[in-house]
Amino acid sequence: MHDFDLFVIGGGSGGVRAARMAAQRGARVALAEAAALGGTCVNVGCIPKKLYSYAAHYAHDFEDAEGFGWNVQAPRFDWARLKANRAREIARLNGVYEQLLAGTGVTLLRGWAQLVDGHTVDIETAAGRQHYRARHILLATGGTPSVPAIAGRELAVTSDSMFDLDPFPRRLVVVGGGYIACEFASIFRGLGSQVSLVHRGEQVLRGFDDEVRAFIAGELARNGIDLRLASSVTSLARDAEGIRVQLADDGSLVGDVVLYATGRIPNVNGLGLEAAGVKQGKDGAILVDGHYQTSVPSVHAIGDVTARVQLTPVALGEAMVLADRLFGQGRRRLDYEFIPTAVFTHPNIGTVGYTEAQAREKFGRITVFRTEFKPLRHTLTRSGERTFMKLLVDAATDRVVGLHMVGPDAGEVVQGFAVAMKAGATKAVFDATVGIHPTLAEEFVTMREPVFTSS
Ligand SMILES: Cc1cc2nc3c(=O)[nH]c(=O)nc-3n(C[C@H](O)[C@H](O)[C@H](O)COP(=O)(O)OP(=O)(O)OC[C@H]3O[C@@H](n4cnc5c(N)ncnc54)[C@H](O)[C@@H]3O)c2cc1C
């Protein structure tokens, strides 16, 4: 009856993990991928972005080295070399993904796939058009950047193009205020571009703690990023100076490159959802129940295409829960509370749990601990960089319900604390924990005096 037990459409973070896990549990699995294996994260997301963030950090490191006695000759940055090294590493990872699939016996089909009905997939490969029947179908097609319909939008690029720009942009205008916009602004500023960031909101990074947002905005500006908040773009046009970005308030900016990072939409175009009867929500997001099942019982969806929590570890977690439910013991669960996350701005942001506003709303009375200081490292440098840390405690239970940091390696620091918070650690447990001295992280276990307890 069926060619496969599971047919996965999309070979990104979620799809590859689900295919491997299902195959390891004895299922006959096929995976269709239209582009490079590894999806957004490996090819145009987390990995290349973090590599470029490392590259950008060297700018500060060279400056800081002087205070520690090093004489560094004027460093020169070679954009072509960075791009080539990144491309080589990503190609290696593409190969690793292919081997992982082959190693678990997953049939890899290269081409664009679409649903015909709840058990049939149609795929266009180099060998021609094929139909496959499957007991279950998993949609893991991810998301794609969207650029609003403004005049001159064809002059804008999206995050997908930022890794291979040619030539290096001397002047970059970033439109958007989310984490992707802020990260690219930081990266290209570090690499030497003159960067402006235009955002229609009053502050960057909606959804993060308000004090974190204000603090990072200050740090971005201190690093030389020209922040244009509460400002919107009306049109783009090419003139003798470059790409002119017309702002609603009559002003304008000129860039060699204009990056639109104003949002991502689910990748559902041409997927055959209507034909198969799969219900969709806002922007086409595939609607799923608590078991990642769509309105068609044999069709499932995970990851960015469901437009819920759009992070690689979440797509991986959902993949493992689903594969376990369909082909394993069905014991795995994914809890969406206390998902830690980082923003690779300069400095980084790390956060887990509730923002102050959310915590007040959910818990009522909360106690807030906060500290801001010059990190030890910068006592010998000329950098004005500061570090910010904040803890939110539910006054009724003493449980730490929010932990936020802006500072070096904030993601690394917060990952460890996320375990404690997931385990329900109270402020008393934090207080009873011995710090590691001298580190930034120790501040989280030595904050004694609350700033206030809300009424
Ligand atoms: C610039 C940027 C930076 C990011 N940084 C981070 C970060 O630091 N940390 C983090 O956790 N997350 C980050 N993310 C988000 C992360 O990349 C995604 O959450 C994750 O990749 C989602 O995985 P997925 O499996 O849902 O989809 P994807 O990884 O997008 O994979 C979907 C795959 O499906 C394929 N496909 C789509 N339609 C079809 C079709 N019809 N037939 C065949 N193949 C198809 C696509 O080619 C793609 O390979 C970032 C995203 C971006 C854009």
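The following conversation walks through a predicted model of a single protein chain.

Visitor: How many helices and strands does the chain have, and is its radius of gyration close to or far from what the globule rule gives?

Guide: In this predicted model, the chain is built with 11 helices and 21 strands. The globule rule gives 23 Å for 455 residues, and the radius of gyration of the chain is close to that value, so the chain is as compact as a globular protein of that length. The counts are therefore 11 helices and 21 strands, and the radius of gyration is 24 Å.

Visitor: What box do the C-alpha atoms of the chain fill, and what percentage of the residues count as buried?

Guide: Taken along the principal axes, the box filled by the C-alpha atoms is roughly 70 × 65 × 45 Å. A residue counts as buried when its relative accessible area is under 20%, and of the 455 residues of the chain the share that meets this description is 50%.

Visitor: Among contacts between residues at least 6 apart in sequence, what percentage join residues at least 24 apart?

Guide: A contact here means that heavy atoms lie within 4.5 Å. Counting such contacts in the chain between residues at least 6 apart in sequence, the share that joins residues at least 24 apart is 63%.

Visitor: How many positive and negative side chains are there, and how far apart do the centres of the two sets lie?

Guide: The chain carries 48 positive side chains and 49 negative ones. When the centre of each set is located, the distance between the two centres is 3 Å.

Visitor: How many disulfides does the structure hold, and which cysteine has the sulfur nearest to that of Cys 182?

Guide: A disulfide is a covalent bond between the sulfur atoms of two cysteines. To count as one, a pair of cysteine sulfur atoms has to lie within 2.5 Å, and the structure holds zero disulfides. Cys 182 is in no disulfide, and the nearest cysteine sulfur is 17 Å away, belonging to Cys 46.

Visitor: Why does Cys 41 count as buried, and what is the relative accessible area of Cys 182?

Guide: Buried means under 20% relative accessible area, and Cys 41 counts as buried because its relative accessibility is 11%. Cys 182 is buried as well, with a relative accessible area of 0%.

Visitor: Where is Tyr 52 found, is it buried or exposed, and which residues does it touch?

Guide: Tyr 52 is found in helix α3, which covers residues 46–65. With a relative accessible area of 1%, Tyr 52 is buried, and its C-alpha atom is separated by 9.5 Å from that of Gly 190, although the two residues are 138 apart along the chain. Not counting residues up to four places away in sequence, Tyr 52 touches Trp 79, Leu 82, Lys 83, Arg 86, Met 162, Phe 163 and Ile 187.

Visitor: In which loop is the place of Ser 159, and with which residues is Ser 159 in contact?

Guide: Ser 159 belongs to the loop between β6 (143–145) and β7 (171–175). Ser 159 is buried, its relative accessible area being 6%. Leaving aside neighbours within four places in sequence, Ser 159 is in contact with Pro 145, Ile 180, Phe 184, Leu 259 and Arg 264.

Visitor: Which residues does a cis peptide bond with omega about 0 degrees join, and which residues does the cis bond with omega near -10 degrees join?

Guide: Most residues other than glycine have a negative phi, and most peptide bonds are trans. Pro 167, in the loop between β6 and β7, is joined by a cis bond with omega of about 0 degrees to Asp 166. Pro 438 lies in the loop between α11 (427–432) and β21 (452–453), and the cis bond with omega near -10 degrees runs from His 437 to Pro 438.

Visitor: What is the phi of Tyr 292, and what is the phi of Ala 307?

Guide: Tyr 292 lies in the loop between α7 (273–276) and β15 (299–301) and is buried, with a relative accessible area of 4%. Ala 307 is found in the loop between β15 and α8 (312–327) and is partly exposed, with a relative accessible area of 35%. Neither residue is a glycine, yet phi is positive in each: for Tyr 292 about 65 degrees, and for Ala 307 about 50 degrees.

Notes. Residues numbered from 1 in each chain as written. Predicted model: local features only at pLDDT ≥ 70, side-chain atom pairs only at ≥ 80, totals over all residues. Heavy atoms only, no water. Helix = DSSP H or I, 4+ residues; strand = E, 2+ residues; numbered from the N terminus. Rg over C-alpha atoms; globule rule 2.2 N^0.38 Å. Buried < 20%, exposed > 50% of the residue type's maximum accessible area, 1.4 Å probe, protein only. Lys, Arg positive; Asp, Glu negative; His and termini not counted. Charge placed at Lys NZ, Arg CZ, Asp CG, Glu CD.
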